[in-house]
Amino acid sequence: MAGTIICYGDSNTYGYDARPYLGARYPESMRWPDILNAGTDWDVENCGLNGRCIPRYPGEIGVVCSSLHRWSGLASPVWLWIMLGTNDVLRTPGTTAEVTTERMERFLKKLMECEEAAGGAIRLRLISPVHLQPGVWVESDEMCRESERLDDLYFELAQTLGIAFTCAGKWDIPVLFDGVHFSEEGHIKFAECVMREGLLSLNQDTGASLFP
């Protein structure tokens, strides 16, 4: 085993399928973290949750900090990949990319204060999410623009904090009719892009790996 990757994200990490009337979940073979888990030497944990925004409140952040202790005991190296921000823009009209990035900055700084991250037992990678597109869940072009702007702002944030960065927003991932959720083809392509960009290399550095 090469090591462990914790994929901490929202419904596009969880593998939400918006096509059924009440929604569903893609099978493991069609979720990008699970595709990587099955097809590589890495132990990839899918820690996606439908509707998750960037943790903002002490209780929310505390849960993640507590999880760091467990994750740090997994096969090393241990990476925590964080791909959030879509729901922050989507669920509250008028939320800007700047506000979303400020939330992410506060969250990451709290994680970096934890012993596991500060001591290097867990390394962080910030992933700017796939862009929102016009669809039945996306109410305005403004939401699409703000989600696109996260690429540059997250990149600058990762540089400032000295953590790894990946711009998934540039991968042109196919989404469903809602303009939000990956299609099956989107999950496959996302996993392919992860491998193409060398993000599973044992020599993953702490600098920006993919520039916007």
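How many bridges join β1 to β5, and do the two strands run parallel or antiparallel? The legends below start there, and every view shows a predicted model.

**Figure 1. Strand β5 and its neighbours β1 and β6.** β1 and β5 run parallel and are joined by 6 bridges. One pairing to find is Cys7 with its bridge partner Trp81 in β5. β5 also pairs with β6. Those two strands run parallel too, with 5 bridges between them. Look for Ile82, which stands opposite Leu126 in β6.

**Figure 2. The two faces of β5.** Val78, Leu80 and Ile82 point one way from the strand. Trp79, Trp81 and Met83 point the other way. Is this strand enclosed or open? 6 of the 6 residues of β5 are buried, so the strand is largely enclosed by the rest of the structure.

**Figure 3. Strand β7 beside β6.** β6 and β7 run parallel, and 4 bridges join them. Ser128 has Cys167 in β7 as its bridge partner. Both faces of β7 are covered. Ala164 and Thr166 are buried on one side. Phe165 and Cys167 are buried on the other.

**Figure 4. The largest nonpolar core.** This core holds 32 residues. Which of them touch the most other members? They are Leu80 and Met104. Helices and strands both build the core: β1 (3–9), α3 (58–71), β5 (78–83), α5 (97–113), β6 (122–128), α7 (141–161) and β7 (164–167) each supply at least two residues. α7 gives the largest share, 7 residues. A second core, separate from this one, has 24 residues. Among them are Cys7, Trp32, Val175 and Leu199.

**Figure 5. Met104 and the residues around it.** Residues up to four places away in sequence are not counted here. What does Met104 touch? The list is Ile54, Ile82, Leu84, Leu126, Tyr154 and Leu157. Two of these names return from Figure 1: Ile82 and Leu126 stand opposite each other, with Leu126 in β6.

**Figure 6. Helix α2 and its cover.** α2 spans residues 32–39. Its buried residues include Trp32, Pro33, Asp34 and Leu36. An α-helix has 3.6 residues a turn, so residues three or four places apart point the same way. What covers the buried residues of α2? The cover includes β1, α1 (11–14), β4 (42–48), β5 and α8 (184–196). Trp32 also belongs to the second core.

**Figure 7. The largest pocket.** About 250 Å³ of space lies in this pocket. It is lined by 15 residues. Which are the closest to its centre? Gly51, Arg52, Cys53, Ile54 and Glu60 are. Helix α4 (residues 86–91) gives the most to the lining, with 3 residues. By class, the lining has 6 nonpolar, 3 polar and 6 charged residues. Ile54 appears in another view as well, as one of the residues that Met104 touches.

**Figure 8. Two backbone details in loops.** Most residues other than glycine have a negative phi, and most peptide bonds are trans. Start with the bond between Ser76 and Pro77: it is cis, with omega about 0 degrees. Pro77 lies in the loop between α3 and β5. Now turn to Asp172, in the loop between β7 and α8. Its phi is near 55 degrees, a positive value in a residue other than glycine. Is Asp172 buried or exposed? Asp172 has a relative accessible area of 58%, which is over the 50% cut-off, so this residue is exposed.

**Figure 9. Cys114 in its loop.** Cys114 sits in the loop between α5 and α6 (115–118). Its relative accessible area is 13%, under the 20% cut-off, so Cys114 is buried. Leaving aside neighbours within four places in sequence, Cys114 is in contact with Cys65 and Leu68. His69 is 45 residues from Cys114 along the chain, yet their C-alpha atoms are separated by 9.1 Å.

**Figure 10. Leu49 in its loop.** Leu49 is found in the loop between β4 and α3. Leu49 is partly exposed, with a relative accessible area of 44%. Where are its contacts, leaving aside neighbours within four places in sequence? Leu49 is in contact with Gly9, Asp10, Ser11 and Tyr14. The C-alpha atoms of Leu49 and Phe107 are separated by 17 Å. Along the chain these two residues are 58 residues apart.

Terms used: Residues numbered from 1 in each chain as written. Predicted model: local features only at pLDDT ≥ 70, side-chain atom pairs only at ≥ 80, totals over all residues. Heavy atoms only, no water. Core = buried A, V, L, I, M, F, W, Y, C linked by side-chain atoms within 4.5 Å. Buried < 20%, exposed > 50% of the residue type's maximum accessible area, 1.4 Å probe, protein only. Contact = heavy atoms within 4.5 Å. 1 Å grid on protein atoms, 1.4 Å probe; cavity = no way out; pocket = protein on both sides within 12 Å on 5 of 7 lines; lining within 4 Å. Points joined across faces, edges and corners; volume = space filled by probe spheres on them. Nonpolar A, V, L, I, M, F, W, Y, C, P; charged D, E, K, R; others polar. Pairing = 2+ DSSP bridges.
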